[in-house]
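Me: Could you take a close look at the charged side chains in this one and tell me which of them pair up, and how exposed they are?

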Amino acid sequence: IAGHRTTYGAPFNRIDELEPGDEILVRTAQGAFRYEVEHQLVVRADEVGVLRDFGDDRLTLTSCHPEYSARQRIVVVASLAGDAAAARPPTGAGRTPPGDAARTGDVPADASRSAATSPGGSDADAGLGGEDASPWPAAALAAACAVVWVAAWLAGRRWRRAPAYLLGLPVFLVALFFFFESFSRLLPANF
């Protein structure tokens, strides 16, 4: 699981505080699972070997490291404490339709590729590209910031500067906050 440390709600902001023995609770459609942290390591950004399938029931959390930088990745590895859930057969385009394999619990032969694999990419790169976002909300919010700035400046020229700026500043900061949130969606997911 990859998560941001500083943007998109910063779900992994404190990932560096996880220590061996810490508990991680995960709830999925298959049920609730408890993992225990085994170790933590820092690797180069291009070192994707930590994401491969090791054939065990591990949970791998990864994020950028250090905070506010994409130079390295921090990786936390945890092992399942308890029983694993039965895997569901894969579904989707190009997959074996539900049938005999779904009834018997066998996994079809084409299930070796992850459903999250991006076209033309490797399994290790899946999920690092992010989603395509429209640039129009960011552009509209940038224009709103400019309008608020100019309005406060014009009001300061006609009226008194300090009150005009004090009234315009909170509105400008709110518009600026939403602009940066919208702009961050245009950046690559691993940035």
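Reply: Let's start with Arg44, which is exposed, with a relative accessible area of 52%. Keep in mind that this is a predicted model. Arg44 forms a salt bridge with Glu47, and the closest N and O atoms sit 3.6 Å apart. Glu47 is partly exposed, at 32% relative accessible area. Arg44 gets the label "exposed" because its 52% is over the 50% cut-off.

As for the full tally, the count comes to 7 salt bridges. One of them joins the side chains of Glu17 and Arg14, at 2.8 Å from N to O. Here Arg14 is exposed, with 58% relative accessible area, while Glu17 is partly exposed at 43%.

Then there's Glu23, which makes a salt bridge with Arg34, with 3.7 Å between the closest N and O atoms. That pair ties together distant parts of the chain: Glu23 lies in strand S1 (residues 23-28) and Arg34 in strand S2 (residues 31-44), 11 residues apart. Both ends are partly exposed, Glu23 with a relative accessible area of 48% and Arg34 with 31%. Glu23 and Arg34 also belong to a network with Glu36, joined by salt bridges that share partners.

Finally, a polar side-chain pairing: His65, found in strand S3 (residues 58-65), has its side chain in a polar contact with the side chain of Arg5, at 3.2 Å. Beyond its neighbours within four places in sequence, His65 is in contact with Arg5, Val42, Arg71, Gln72, Arg73 and Ile74.

Note on methods
Residues are numbered from 1 along each chain as its sequence is written. This is a predicted model: local features need pLDDT of at least 70, side-chain atom pairs count only at pLDDT 80 or more; totals for chains, interfaces and linings use all residues. Side-chain values use heavy atoms; hydrogens and water are left out. Helices (H or I, at least four residues) and strands (E, at least two) are DSSP runs, numbered from the N terminus. A polar contact is a pair of N or O atoms within 3.5 Å; within protein, one must be able to donate a hydrogen and the other to accept it, and residues adjacent in sequence count only if both atoms are side-chain atoms. Contact means heavy atoms within 4.5 Å. A salt bridge is a side-chain nitrogen of Lys or Arg within 4 Å of a carboxyl oxygen of Asp or Glu. Buried means under 20% relative accessible area, exposed over 50%, partly exposed in between (1.4 Å probe, protein chains only).
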